[in-house]
Amino acid sequence: MQLLAKTLHGLEAVLAEELRQLGATKIEERKRAVAFEGDLQLMYRANLELRTAIRILMPIANFKARNEDEFYDKIKAIDWEQYMNVKQTLAVDAVTASKTFNHSKYIALKTKDAIVDQFREKYKKRPNVRVYNPHLGVYIYIHDEQVNVSIDSTGESLHKRGYRVASVDAPINEVLAAGMILLSDWDKEGLLMDPMCGSGTLLIEAAMYANHIPPNRLRTHFAFMNWNEYDQDLWEKVKKQADDHIVDHPHPILGWDKNLGCVRKTEQNIEAAGLTGKIEVNRKRFERLEAPPAPGTIIMNPPYDERLAEDNIEEFYEIIGDTLKKKYAGFRAWLITSSMDGIKKVGLRTSRKMTLFNGKLECKFVKYEMYEGSKKQKNEVVLE
Ligand SMILES: C[S@@+](CC[C@H](N)C(=O)[O-])C[C@H]1O[C@@H](n2cnc3c(N)ncnc32)[C@H](O)[C@@H]1O
């Protein structure tokens, strides 16, 4: 069957690679999504194992509509009884990029009407709408006059892993954190550290990746479990096979934060993720920290002065740059921020630069290499 994994801007290529490794075929990168083919087992695995997907959709119809009546008729012509019965509930979500259909809420309403009317005409009864955890989630995407109709196999977004029991003011989205780990060139072997760990998202995603732990292992519910043809035995098999691949990663994953409250919250989340003993976290300011022995990879998400105010953002990033230069020879550092003023003040040459979005904030994800000794002069040139 045809499937579509939705993701965040900039993570399409890593998601396509994850799908390749799962054994998906006909993989095609789209804007904030990757289309692929696979069977029911692969759909279950995609929900459980993909680190950079936020939702797995199953496209069921694709048609052209020139006006609302034609749209309504074509939605009503789909045999909805294949996917739900009159006693079950539904929810509709719509996204439009179209001059003809420019009101996504209205399109969602029209879709619901068409489905409900189909059942009412047949049974003189109608299924109810339920926004949270419906039996069937319907997704409509319209580009110009081209309509894609999909059903949702995921339910709550896949970034809701189930381990975030304690949060901080500006946590990073779990899918974005996993994407940053996969985009970085950390090889799972060497030391990885996040010196401004907040609630520990990057550390936890890194540890799950290194130990081959399926990111959604803790979730107890996915929308496909509501489907009529839900195959519980197959799901149990998929879960067991994924669990059988978990390894015991012996390499250090280390975190710090200047705020003791954040350190405690990170510890709570680590415990909830079942990763106690796999990540070490302590309270310390980055600039006062004694660097662990090189080599190592740093991944950090410092304050941007957006959600977390810093007194002097330029000075703060200058301190980050100076600390990296002075103490971290032999390390490479990846940093995500929306603060362009801040980035300018780091004062190190970037060897990679990518655009990612942290929620609505456009960010740069940059890499610095702090060479040791004779390599000092060999800083790479800016690629993007
Ligand atoms: C944007 S938050 C990190 C959020 C984290 N990625 C998460 O998912 O929860 C930035 C963190 O940097 C910490 N911080 C700020 N200045 C610091 C410093 N000089 N040394 C260490 N931590 C610092 C803050 O306490 C805050 O928790």
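# Notebook: a sheet, a ligand and some odd residues

I began in the middle of the sheet, where strand β9 (residues 191–194) and β10 pair in the parallel sense over 3 bridges. One facing pair I looked up here is Met 193, which stands opposite Leu 254 in β10. A reminder to myself before going on: this is a predicted model.

**Entry 1: from β10 to β11.** I followed the chain onward from β10 and found that the path goes through α8 to β11. This β-α-β crossover is right-handed. β10 and β11 are themselves partners, parallel again, with 4 bridges between them. I noted two facing pairs: Gly 255 has Val 281 in β11 as its bridge partner, and Trp 256 stands opposite Asn 282 in β11. Helix α8 (residues 260–272) packs on the sheet, where α8 touches β10 and β11. The direction of α8 makes about 165° with that of β11.

Is β10 mostly covered or mostly open? I checked, and 4 of the 5 residues of β10 are buried, so I count the strand as mostly covered.

**Entry 2: the whole sheet.** Next I stepped back to see how many strands belong together. There are 7, forming an open sheet in the order β11-β10-β9-β12-β13-β15-β14, with mixed pairing. Which strands stand at the edges? They are β11 (280–283) and β14 (350–358); each has a single partner strand, so one side of each is left without a neighbour in the sheet. From one strand to the next, the twist averages 15°. I also wrote down a general point: strands of a sheet pair through backbone hydrogen bonds, either parallel or antiparallel.

**Entry 3: the β14 edge.** Here I found the antiparallel sense: β14 pairs that way with strand β15 (residues 361–369) over 8 bridges. Phe 357 stands opposite Glu 362 in β15. The two strands, β14 and β15, form a hairpin with 2 residues between them. Gly 359 sits in that turn and has a positive phi of about 65°.

**Entry 4: around the ligand.** How many residues surround the ligand? I found 23, and the closest are Pro 171, Met 196, Gly 198, Ser 199 and Thr 201. The elements that give two or more residues to this shell are α6 (201–210) and β10 (253–257). I was pleased to meet β10 again, having already noted that β10 is mostly covered. Sorted by class, the shell has 14 nonpolar, 5 polar and 4 charged residues.

**Entry 5: helix α1.** I then went to helix α1 (residues 12–22) to see what is hidden there. The buried residues are Glu 12, Val 14, Leu 15, Ala 16, Glu 18 and Leu 19. A handy rule for reading such a list is that an α-helix has 3.6 residues a turn, so residues three or four places apart point the same way. What covers the buried residues of α1? The cover includes β1 (2–6), β2 (25–30), β3 (33–37) and α5. Just after α1, I noticed that Gly 23 takes a positive phi of about 95°.

**Entry 6: backbone oddities.** I looked up positive phi values outside glycine as well. Asp 144 has one, about 55°, and lies in the loop between β7 (136–143) and β8 (146–152). Asp 144 counts as exposed because 12 C-beta neighbours lie inside 10 Å, and 12 or fewer is the cut-off for that label. His 212 is another case, with phi near 60°, in the loop between α6 and α7 (232–244). Why is His 212 called partly exposed? With 16 C-beta neighbours inside 10 Å, His 212 falls between the exposed limit of 12 and the buried limit of 20.

One peptide bond also went into my notes: from Ala 294 to Pro 295 the bond is cis, with omega near 0°. Pro 295 is placed in the loop between β11 and β12 (296–300).

**Entry 7: a long-range check.** Last, I picked Asp 169, found in the loop between β8 and α5 (174–183). Asp 169 is exposed, since 11 other C-beta atoms lie within 10 Å. I compared the position of Asp 169 with that of Ile 298: the two are 129 residues apart in sequence and 22 Å apart in space, C-alpha to C-alpha.

Conventions:
Residues are numbered from 1 along each chain as its sequence is written. This is a predicted model: local features need pLDDT of at least 70, side-chain atom pairs count only at pLDDT 80 or more; totals for chains, interfaces and linings use all residues. A residue is near a molecule or strand if its C-beta atom, placed from the backbone, lies within 6 Å of it. Ala, Val, Leu, Ile, Met, Phe, Trp, Tyr, Cys and Pro count as nonpolar, Asp, Glu, Lys and Arg as charged, and the others, Gly among them, as polar. Two strands pair if DSSP finds at least two bridges between them. Axes are lines fitted to C-alpha atoms, for helices over the stretch in contact, and angles run from 0 to 180 degrees between N-to-C directions. Two residues are in contact if their C-beta atoms, placed from the backbone, lie within 7 Å. A crossover is right-handed if, with the strands pointing away from the viewer, the path from the first strand over the helix to the second runs clockwise.
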